[in-house]
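Trainee: Can we walk through this model together? I would like to ask short questions and get reasoned replies.

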Amino acid sequence: MKADSKKYLHGYTETEQNRLYKQARFIENKIYSTVDFSGNKHVLEVGSGVGAQTEILLRRFPELHLTCLEYEKEQIKRAKNFLSVLPYTSGRYNILQGNAMDMDFDSNSNFDGAFICWVLEHIPEPARVLSEIRRVLTPGSPVVITEVLNSTFFVEPYSPNVLNYWLKFNDLQYDMGGDPFVGAKLGNMLQSQGYRSIETETKTFHLDNRNPAKRADMIRFWTELLLSALPQLIEAKYVDEDLGEKVKQEMHLVSKDPNAVFFYSFIQAKAIT
Ligand SMILES: C[S@@+](CC[C@H](N)C(=O)[O-])C[C@H]1O[C@@H](n2cnc3c(N)ncnc32)[C@H](O)[C@@H]1O
């Protein structure tokens, strides 16, 4: 069954917006450990959402100015409210409404870098976004893309309902025109769009008894992520309430298991325009 392609898998509710802030901070160190925009002046952030990554970029790279492109008005409103009260972001960003697949910028916009995080997975033609980024950036600029690879998710103890639900979650994302496995394809996509010096790095959360506190945080966070799509999944008839309940129960068991394991990998690609 095809879902409404205009909807966003996680929705734009306040709870979901709050989850984006939490997610950004929770994964911050993993994402940014190998990201360096300290030599850049004017970076384009594509799909900036509620400004969660914008805040991190401006905090980590004090010389940076960001132009943020986002197509959803509600996200932009929230991002502006959030960023406007942070002293270190003042005068260092502007947020524009637009479509990443068809940008309004021209090729001499003076962007000297681009950052894009958890966006291509929701876009029907991600290669067009990469093509647009390459068109509007100054030649020789770095691009950093962080994306999901949802087939890597695993939890111990074995949780068949969670895995079944995860399959449906990914089916819905696919049917909405997204791609929950896009991370694995970034190398090919960047190459086909003419980027140079392409590197991909697999970044992994492998949490077990060696770090129980982080594991507990992650299981809590992941349970929220799973359930964030539950209303949409039920509405689109991909799952029923019963499966939703079983997912809650199994994730609760995972959270209580003394030998629980959480595993998930995502992909970060870097390239030069
Ligand atoms: C999962 S959120 C990630 C937001 C932010 N990058 C972060 O990591 O917190 C994806 C965002 O991409 C935006 N988006 C999706 N397709 C887009 C498009 N074609 N053009 C611009 N923004 C888009 C959505 O509205 C949403 O705010």
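What follows is a set of questions and answers on the fold, the aromatic pairs and some single residues.

Mentor: This is a predicted model, where local features need pLDDT of at least 70, side-chain atom pairs count only at pLDDT 80 or more, and totals for chains, interfaces and linings use all residues. Residues are numbered from 1 along each chain as its sequence is written, and side-chain values use heavy atoms, with hydrogens and water left out.

Trainee: How many helices and strands does the chain have?

Mentor: Helices (H or I, at least four residues) and strands (E, at least two) are DSSP runs, numbered from the N terminus. Counted that way, the chain has nine helices and eight strands.

Trainee: What is the radius of gyration of the chain?

Mentor: The radius is taken over C-alpha atoms, and the globule rule is 2.2 Å times the number of residues to the power 0.38. For 273 residues that rule gives 19 Å, and the chain comes close to it, so it is as compact as a globular protein of that length. The C-alpha atoms fill a box of roughly 55 × 40 × 40 Å along the principal axes. The radius of gyration is 19 Å.

Trainee: What percentage of the residues in the chain is buried?

Mentor: Buried means under 20% relative accessible area, exposed over 50%, and partly exposed in between (1.4 Å probe, protein chains only). Of the 273 residues, the buried share is 53%.

Trainee: Which residues does UniProt list for "domain: Methyltransferase type"?

Mentor: The record is an unreviewed entry. UniProt positions are given in the numbering used here, feature names are shortened, and annotations may be inferred rather than shown by experiment. In the model, the listed stretch is 32% helix and 22% strand, with its end C-alpha atoms 11 Å apart. UniProt lists residues 44-144.

Trainee: How many aromatic pairs are there?

Mentor: Rings of Phe, Tyr and Trp (its six-membered ring) pair if their centres lie within 6.5 Å; planes under 30 degrees apart count as stacked, over 60 as edge-to-face and the rest as tilted. By this rule the count is 16.

Trainee: Is the pair of Y32 and F115 stacked or tilted?

Mentor: The ring centres of Y32 and F115 are 5.6 Å apart and the planes are at 15°, so the pair is stacked. Y32 lies in helix 1 (residues 14-32) and F115 in strand 4 (residues 113-117), so the pair ties together parts 83 residues apart in sequence. Both residues are buried. The class asked for is stacked.

Trainee: And is the pair of F153 and F262 stacked or tilted?

Mentor: F153 lies in the loop between strand 5 (142-148) and strand 6 (154-156), and F262 in strand 8 (residues 261-272), so this pair ties together parts 109 residues apart in sequence. F153 is buried at 6% relative accessibility, and F262 is buried at 0%. The ring centres of F153 and F262 are 5.9 Å apart and the planes are at 50°, so the pair is tilted.

Trainee: Which residues form one aromatic cluster with F153 and F262?

Mentor: F153 and F262 belong to one aromatic cluster. The other members are W166, F169, W222 and Y264.

Trainee: The charged end of which residue sits over the ring of F26?

Mentor: A charge sits over a ring if NZ of Lys or CZ of Arg is within 6 Å of the ring centre and within 35 degrees of the ring normal. K30 meets this over the ring of F205, 4.9 Å from its centre. Over F26, at 4.5 Å from the ring centre, sits the charged end of K214.

Trainee: How many residues of helix 2 are buried?

Mentor: Helix 2 (residues 52-60) is mostly covered. Its buried residues are A52, Q53, T54, E55, I56, L57 and L58. They pack against several elements, including helix 1, strand 1 (42-46) and helix 3 (73-84), where contact means heavy atoms within 4.5 Å. Of the nine residues in helix 2, the buried count is seven.

Trainee: Which residue does a cis peptide bond join to E156?

Mentor: Omega for this bond is about 5°. The partner is found in the loop between strand 6 and helix 5 (160-175). The residue joined to E156 is P157.

Trainee: Is N110 buried or exposed?

Mentor: N110 is found in the loop between strand 3 and strand 4. It has a positive phi of about 65° although it is not a glycine. Its relative accessibility is 57%, so N110 counts as exposed.
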